[in-house]
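Got your viewer open and a selection box ready? Here is a short walk through the model, one selection at a time.

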Amino acid sequence: MTAVNLTVWILSPVLGIMTFLFIFRIILTWYPQVNLNRLPFNLIAWPTEPFLVLLRKVVQPIGGVDITPMIWVGIFSLIREILLGQQGLLTMMARVN
């Protein structure tokens, strides 16, 4: 197994899981009464909150709606496509080896 294949093998599930967690985080914003400090919701909040805090400093809520989880879904999807998509950088590097 080459370094490129190992990177793809690790990066693909990580990016997929993070995208999935941010989608769940978007759904949780529809239910403001949910306590994110309790199980199972803290399993969604814990890995996503550092990313959201970072972006919330730059992007303020629009009309009271926090759009930062949607931005992160787009960022992680873009990174996944650029690196691991059909014409992605890592995919093409794996084909060469």
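**First stop: a side chain reaching back**

Select L15 and T19: the backbone oxygen of L15 sits 2.8 Å from a polar atom of the T19 side chain. That is a polar contact, meaning a pair of N or O atoms within 3.5 Å; within protein, one must be able to donate a hydrogen and the other to accept it, and residues adjacent in sequence count only if both atoms are side-chain atoms. T19 belongs to helix α1. Helices here are DSSP runs (H or I, at least four residues), and strands are too (E, at least two), numbered from the N terminus. Is T19 buried or exposed? T19 counts as buried because its relative accessibility is 12%. The cut-offs are under 20% relative accessible area for buried, over 50% for exposed, and partly exposed in between, with a 1.4 Å probe and protein chains only.

Before moving on, the ground rules. This is a predicted model, in which local features need pLDDT of at least 70 and side-chain atom pairs count only at pLDDT 80 or more, while totals for chains, interfaces and linings use all residues. Residues are numbered from 1 along each chain as its sequence is written, and side-chain values use heavy atoms, with hydrogens and water left out.

**Colour by confidence**

Now colour by pLDDT, the predictor's confidence in each residue, from 0 to 100. The protein averages 92, and 99% of its residues reach 70 or more. Among the elements, helix α3 (residues 68-84) has the highest mean, 96, and helix α4 (residues 89-96) the lowest, 90.

**The aromatic cluster**

Next, select F22, F51, W72 and F76, which form one aromatic cluster. How many aromatic pairs does the structure hold? There are 7. Rings of Phe, Tyr and Trp (its six-membered ring) pair if their centres lie within 6.5 Å; planes under 30 degrees apart are stacked, over 60 edge-to-face, and the rest tilted. Start with F22 and F51, an edge-to-face pair with 6.0 Å centre to centre and 75° between the planes. This pair links distant parts of the chain, with F22 in helix α1 and F51 in helix α2 (residues 42-56), 29 residues apart. F22 is buried, at 0% relative accessibility, while F51 is partly exposed at 29%.

Keep F22 selected and swing over to W72: these two are stacked, 6.2 Å centre to centre with 15° between the planes. F22 lies in helix α1 and W72 in helix α3, so this pair ties together parts that are 50 residues apart in sequence. W72 counts as buried too, with 11% relative accessibility.

**Follow the charges**

Side chains of opposite charge can pair when their charged atoms come close. The count here is 3 salt bridges, each a side-chain nitrogen of Lys or Arg within 4 Å of a carboxyl oxygen of Asp or Glu. Select R25 and E49, whose closest N and O atoms are 2.5 Å apart in a salt bridge. R25 in helix α1 and E49 in helix α2 are 24 residues apart, so-called distant parts of the chain. R25 is buried at 6%, whereas E49 is partly exposed at 25%.

Add R56, which meets E49 in a salt bridge at 2.8 Å, N to O. R56 is partly exposed, with a relative accessible area of 28%. Then add D66, paired with R56 at 2.9 Å. D66 lies in the loop between α2 and α3 and R56 in helix α2, so the pair ties together parts 10 residues apart in sequence. With shared partners, the salt bridges join R25, E49, R56 and D66 into one network.

**An unusual peptide bond**

Most peptide bonds are trans. Zoom to L39 and P40 for a cis one, with omega about -5°. P40 is in the loop between α1 and α2.

**Last stop: the surface**

Switch on the surface and select F20, I23, F24, I27, W30 and Y31, a nonpolar patch with about 610 Å² of accessible area together. I27 lies in helix α1 (residues 3-28) and is partly exposed at 32%. Patches take residues with over 30% relative accessible area and no salt bridge, joining like charges within 9 Å and nonpolar side chains (Val, Leu, Ile, Met, Phe, Trp, Tyr) within 5 Å. Areas come from the Shrake-Rupley method with a 1.4 Å probe; for residues, only the protein chains shown count as cover.
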